[in-house]
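Reader: I am new to this structure and would like a close look at a single part of it, the sheet and the helices that lie across it. Could you take me through that part slowly?

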Amino acid sequence: MDGTGVVFPGQGSQYPGMGRDFFLQFREGRDTFEEAGDTLGFDMASLCLEGPQEKLDLTVHTQTTILTVNIAAYRVFRNRTGITPRVLAGHSLGEYSALCVAGAISFPNALQLVQIRGKLQQEAVPPGTGSMAALMGLSREEIEMICLTASSEGAGIVELTGFNAPGQYVVSGHAEAVDGMIRKVRERGGTMAVRLPVSVPCHSSLLREAADRFREALLKVRIESCRIPVIPNCDPHILHDRDRTADLLVRQIHSPVRWQETIERMAAMGVGSIVEAGPKKVLSGLVKRIDRTRRIMNVEDRPSLEKTAALLGKA
């Protein structure tokens, strides 16, 4: 159990200033921001470092900025430690970072794909009409029952779309129905029921049409075999390969994120240490809830990089 796994965060981890140290202090980090800006035609560093938050929270911007910061964090980590991960995974949007690092999709192509993905999702469910929420303190059966109740009250659809950790779930759907869900969970004694800073109902059936349209974009991109194994969100019992990656990425848009099973699969593959590369430490907290026997580290800035390198014996 001495292998190292690397995981990448997705939407919800964005904040103004993310990636600042990588851009200012590391050549490979600065190159990553510049490559992203050149690919997409705007100042990526300015958007990541200055925001504002409202702009970063729009999924069309969230997806490209988080991908950029994730890749910058990984490149700095890889150059600093020389470690090649045993396996990779990413939470929702973060799966594109994993595929990029694995060599399955080039960084420019990944940027263009997530930009299209964000636009299609936003078009399918315009800002203000969709929402997501994180819930804790109730069983899966209770959450599913409340989803059915909330959806039947005429406010729209709300679905269970994320299995993040034991007792921690995510729901997505129409904003009014999600708000109703939050109220009902609180009334039943749930310990957490909060909206997430995401402008679309990710992984819900409301995005099936967006997923179908996204397939057309995937067909134009060259997908290679993974040089490092990547565990897919929607089916953690298999691995990405050149023949199935496109289908998995289409399914991912409207399928639940099975993160608990993803981390359990990592452990089964001999991973003893897990490094989260990217903004915040959301995934680190989830991994601790799933399996406290794994060593959890993160790379978000220079201090966390140096601490992680020391813990991995690469000081």
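Author: Helix α14 (residues 302–311) lies across strands β7 and β8, running at about 145° to β8. Here helices (H or I, at least four residues) and strands (E, at least two) are DSSP runs, numbered from the N terminus, and axes are lines fitted to C-alpha atoms, for helices over the stretch in contact, with angles from 0 to 180 degrees between N-to-C directions. This is a predicted model, in which local features need pLDDT of at least 70 and side-chain atom pairs count only at pLDDT 80 or more, while totals for chains, interfaces and linings use all residues. Residues are numbered from 1 along each chain as its sequence is written, and side-chain values use heavy atoms, with hydrogens and water left out.

The sheet beneath this description is open and has four strands in the order β2-β1-β7-β8, with parallel pairing; two strands pair if DSSP finds at least two bridges between them. The edges are taken by β2 (87–90) and β8 (295–299), each with a single partner strand, so one side of each is left without a neighbour in the sheet. Direction ignored, neighbouring strands of this sheet are turned by 25° against each other on average. Strand β7 (residues 271–277) pairs with β8 in the parallel sense over five bridges, and glutamate 276 stands opposite asparagine 298 in β8.

A further helix, α12 (residues 259–268), lies across β1 (3–8), β2 and β7, and runs at about 170° to β2.

Returning to α14, its axis and that of helix α5 (residues 59–81) come within 11 Å and cross at roughly 40°. The two helices are therefore oblique to each other, given that angles under 35 degrees count as roughly parallel, over 145 as roughly antiparallel, 65 to 115 as roughly perpendicular and the rest as oblique. The crossing of α5 and α14 is right-handed, a term used if the near helix is turned clockwise from the far one by less than a right angle, whereas anticlockwise is left-handed. On the α5 side the contact (heavy atoms within 4.5 Å) is made by Val76, Phe77, Arg80 and Thr81, and on the α14 side by Leu305, Glu306, Thr308 and Ala309. By class, the residues of this contact of α5 with α14 divide into four nonpolar, two polar and two charged, where Ala, Val, Leu, Ile, Met, Phe, Trp, Tyr, Cys and Pro count as nonpolar, Asp, Glu, Lys and Arg as charged, and the others, Gly among them, as polar.
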